[in-house]
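User: I am new to this structure and would like a close look at a single part of it. Please go slowly, and explain each term when it comes up.

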Amino acid sequence: MTLSRRQFAAGAGALLGAGSLMGPRAAHAARNDELNILCWEGYNSDPVLGPYRAAHPDATVRAESGTSDPDMINKLRAGEVRVWDLINVNQPWAREQLYPEGLIKPMDKDRFMPYFDKMLPEFSEPYPLAFAENGDLLGMPQRYGPFSFVVNTDVISRETAEDEGWNLFFDEKMKGRYGVLTYDNWNIIHMAMAAGLNPFEAIEGDDQGKFKSTAEQIFGNARLLTDDLVAMNTALINGEIDAYFTGGVYTASPARFDGLTNVRAITPNSGPVDGKGGCVWVELTSVVNNPDPTELAQDFLEFVQTPEIAHAVAFTEGTYNPVAQMGNEEVMALFTEDELDAIQMDSLAEDMAKSADYQVVTSYDALIDIYTQARRS
């Protein structure tokens, strides 16, 4: 079963067993015939791993999908640096936690910097969060996507949704006409933005009151709450709702790829994070500081840069997402018109410009308590 990669708060303990069982052997094996990858779903799919296994028939290649960034990071903290060779998480963690704690190690810049030259403009500068403050290369970006909210454009035009932004959900006409996709971590970010607050700065005092009233209103006027993106898209398509709070290309793309292009991810035109009202996740894959390293780790990172595999990563099972490697003409040539439409390539650069990087939420502990009470009320 593939677990939803954006359900940051769900099922954190479900996959603990497999990794723990692998640990003692990994610490003492001759490891150039072994590769263990801890990742979001997709990298563990047959279209990605199958060709790599075929190219390395004598190697044992395993990949396990996580349920949240913190859960995967905590596995390394708990000693599983001896198990894993690569870790694939969202953009803030490598620089802020993984590298300072010695859980990942710098990569070979001579080997990997040329790949940035072929990435989309947002990543070819190159992408700053792929580097430590001292310039060390910490990870390679690949999948990404703007993530704010989703509308049915047969009912709410793209232009109206982008202009209204988060205020759309406070319109009297929207009472009972929207759903809340219960991706808690994302909802906290988006509810703070809807309250006019920067979720990546401390939210205290009266601002916590603004967050509370916003969360209560968003939940109170929602018609549907679910963590199932398929159910949410179905409700949108069936006319049960006209929009859903928290969503993006990641959640809208399956419906769009089925031809329902009136399901559209929206990025607000403005907002409280340096004028930006949207947010974007970017995956970075880093080399774990395994004391018994394998040469296959960085080899696999080069493998996923190749056009065919980069396309496979973008259009793996379940959901579909852009990849930074689409700046390479050979990669872009592999995408069909329908695939590009599914991931909203027509507005992707514009949406990225209006989106702030996903970051660690400064006041998360306080806000999750407020959020949880509002959801239960």
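Analyst: A good place to begin is isoleucine 37, whose bridge partner in strand β3 is leucine 86. The model is a predicted one, in which local features need pLDDT of at least 70 and side-chain atom pairs count only at pLDDT 80 or more, while totals for chains, interfaces and linings use all residues. Residues are numbered from 1 along each chain as its sequence is written, and side-chain values rest on heavy atoms, with hydrogens and water left out.

The bridge at isoleucine 37 is part of a pairing (at least two DSSP bridges between two strands): strand β1, residues 34-39, and β3, residues 86-90, run parallel and are joined by two bridges. Strands (E, at least two residues) and helices (H or I, at least four) are DSSP runs numbered from the N terminus. β1 also pairs with strand β2, residues 60-65, again in the parallel sense, here over six bridges, and within β2 it is valine 61 that stands opposite leucine 35.

β1 is itself mostly covered, since six of its six residues are buried, where buried means under 20% relative accessible area, exposed means over 50%, and partly exposed lies in between (1.4 Å probe, protein chains only). In a regular strand the side chains alternate between the two faces of the sheet. In β1, Glu34, Asn36 and Leu38 point one way, Leu35, Ile37 and Cys39 point the other way, and the residues of both sets are buried. Isoleucine 37, where this account began, therefore belongs to the set that also holds Leu35 and Cys39.

From leucine 86 in β3 the path leads on to a residue far along the chain. Valine 287 and leucine 86 are 201 residues apart in sequence, yet their C-alpha atoms are separated by 4.7 Å. Valine 287 has its place in strand β9, which covers residues 278-287, and it counts as buried because its relative accessibility is 3%. Leaving aside residues up to four places away in sequence, valine 287 is in contact (heavy atoms within 4.5 Å) with Asp85, Leu86, Ile104, Lys105, Met107, Ala297, Gln298 and Leu301.

The contacts with Ala297, Gln298 and Leu301 bring in helix α11, which spans residues 296-303 and is mostly covered, with six of its eight residues buried. These buried residues are Leu296, Ala297, Gln298, Phe300, Leu301 and Phe303, so that Ala297, Gln298 and Leu301, which valine 287 touches, are among the buried residues of α11.

β9 leads in turn to strand β4, residues 140-152. Because 13 of its 13 residues are buried, β4 is largely enclosed by the rest of the structure. With β9 it pairs in the antiparallel sense over five bridges, and proline 141 stands opposite leucine 284 of β9. With β7 it is likewise antiparallel, joined by five bridges, and there the bridge partner of phenylalanine 147 is glycine 248. With β8 it also runs antiparallel, joined by four bridges, and asparagine 152 stands opposite valine 263 of β8.

Around these strands, a few backbone details deserve a careful look. Threonine 246 is found in strand β7, which covers residues 243-248, and its phi is near 80°, a positive value in a residue other than glycine; because its relative accessibility is 0%, threonine 246 counts as buried. Aspartate 274 also has a positive phi, of about 55°, although it is not a glycine, but it lies in the loop between β8 and β9 and counts as exposed because its relative accessibility is 74%. In the loop between α5 (109-116) and β4 lies proline 126, and the peptide bond leading to proline 126 from glutamate 125 is cis, with omega near 10°.

One last comparison starts from asparagine 152 in β4. The C-alpha atoms of asparagine 152 and isoleucine 370, which are 218 residues apart along the chain, are separated by 30 Å. Isoleucine 370 is found in helix α16, residues 364-376, and counts as buried because its relative accessibility is 15%. Not counting residues up to four places away in sequence, isoleucine 370 touches Gln208, Phe211 and Lys212.
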